[in-house]
Amino acid sequence: MLRDITLGQYYQTESVIHRLDPRVKLVGTILYIISLFVSDRFTGYLMAALFLGVMIKLSRVPFKYMVKGMKAIVFLLLLTVVFNLFLTPGEPLVQFWKLTVTKEGLRISVFMAIRLTLLIIGSSLMTLTTTPNHLTDGMEKLMGPLKKIRVPVHEIAMMMSIALRFIPILMEETDKIMKAQIARGADFESGNVIKKAKAMVPLLVPLFISAFRRANDLAMAMEARCYQGGEGRTKMKPLKYEKRDFAAYGIFCCYLVALVVVSRMGMIL
């Protein structure tokens with residue numbers, strides 16, 4: 001399960017998506033997430049899925065690698081579907097005991113599952129095709145105007161970058177601790193929910209200690225290098241838009257316009 005978490009990991013390969021400016025990928029991801037909530041028609045979700053499929057193909061990241069990251073949110077996805085399925089009022093379809101499945105609940109559950117799936121895969125595409133350093137530079141550049149109202153833009157971007165960097169490190173550390181505890185006779189699978197929760201204590205305590213130790217080491221390393229925030233810092237490779245970046249913005253705009261038109265046509269029909 002831990003090896004299936006792909007959030008925060010970078011998949012190195014040569015592709016058009018990898019070469020795009022990180023600001024384009026950040027803005028594109030935000031616009032894509034917004035588009036998933038704009039449309040509430042099947043045609044809109046079909047267009048969003050096709051657009052995401054084309055982006056995945058262009059990124060040259062294996063689709064199996066992206067779907068593997070969905071295993072970590074299966075429980076959340078099922079919980080969301082079940083709650084919408086049984087707690088949405090409307091026209092009854094199936095009724096057993098005190099639970100009723102309604103037509104509106106079934107529709108909302110299906111759309112919610114599709115929306116969450118596309119959202120997770122779309123967000124993963126950004127992190128898989130962008131290094132943490134580029135992601136930090138892109139976020140800092142996009143939030144640059146906020147500096148005028150004294151928002152610590154550089155520090156916010158740095159914290160997000162460090163958090164993304166630590167996700168695969170902590171996953172690897174968790175895997176090592178879990179294997180060590182299993183070798184000592186720990187059982188994380190059998191028993192009820194309470195027993196499983198108690199079995200996690202020998203895993204969480206050393207994990208938290210390791211995380212705090214790594215954070216302290218990182219802070220000492222930054223202080224030793226005289227890190228004093230973003231004031232006066234320069235970039236070795238400053239971000240600069242190229243023709244392909246403007247073309248990518250145009251493609252995103254065309255996608256949004258087409259999605260709105262298709263959704264409107266679906267409402268009329």
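**A guided tour of the predicted model**

The structure, which is a predicted model, holds zero disulfides. Select Cys254 to begin: this residue takes part in no disulfide, and the nearest cysteine sulfur, belonging to Cys253, lies 6.9 Å away. A pair of cysteine sulfur atoms would have to be within 2.5 Å to count as a disulfide. Cys254 is also exposed, with a relative accessible area of 55%. Add Cys226 to the selection; at 60% relative accessibility, Cys226 counts as exposed as well.

**The whole chain**

Next, display the entire protein as a cartoon. Eleven helices and two strands appear, and along the sequence they follow the pattern α-α-α-α-α-β-β-α-α-α-α-α-α. The C-alpha trace spans about 65 × 60 × 40 Å along its principal axes. Of the 269 residues in the protein, 32% are buried. Among contacts with a separation of 6 or more, 73% are between residues 24 or more positions apart.

**The hairpin**

Select residues 92–96, which form strand β1, together with residues 99–102, which form strand β2; the two strands pair in the antiparallel sense over four bridges. Which residue of β2 is the bridge partner of Val94? The partner is Val101. Two residues separate β1 from β2 in this hairpin, and Trp97 in the turn has a positive phi of about 55°.

**The nonpolar cores**

Move now to Tyr32, Leu52 and Met66, the residues with the most contacts inside the largest nonpolar core, which has 24 residues. To see where this core is drawn from, colour α2 (22–38), α3 (42–59), α4 (63–68), α6 (103–128) and α11 (243–268), the elements that each give two or more residues to it. Centre the view on Tyr32. Leaving aside residues up to four places away in sequence, Tyr32 touches Ala48, Ala49, Phe51, Leu52, Leu118, Gly122 and Tyr255. A second, separate core has six residues, including Leu26, Met126, Ala157 and Leu164.

**The largest pocket**

Finally, switch to a surface representation and turn to the largest pocket, whose volume is about 1300 Å³. Which of its 45 lining residues are the closest to its centre? Select Asn133, His134, Asp137, Lys235 and Lys237 to find them. The elements that give two or more residues to the lining are α1 (16–19), α2, α7 (132–142), α8 (153–183), α10 (201–224) and α11. End the tour on α8, which gives the most to this lining, with eight residues.

Methods
Residues are numbered from 1 along each chain as its sequence is written. This is a predicted model: local features need pLDDT of at least 70, side-chain atom pairs count only at pLDDT 80 or more; totals for chains, interfaces and linings use all residues. Side-chain values use heavy atoms; hydrogens and water are left out. Buried means under 20% relative accessible area, exposed over 50%, partly exposed in between (1.4 Å probe, protein chains only). Two strands pair if DSSP finds at least two bridges between them. A nonpolar core is a set of buried Ala, Val, Leu, Ile, Met, Phe, Trp, Tyr and Cys residues joined through side-chain atoms within 4.5 Å. Contact means heavy atoms within 4.5 Å. On a 1 Å grid over the protein atoms alone, a cavity is a set of points where a 1.4 Å probe fits but cannot get out, and a pocket is an open set with protein on both sides within 12 Å along at least five of seven lines; lining residues have an atom within 4 Å of a point. Grid points are joined across faces, edges and corners, and a volume is the space filled by probe spheres set on the points.
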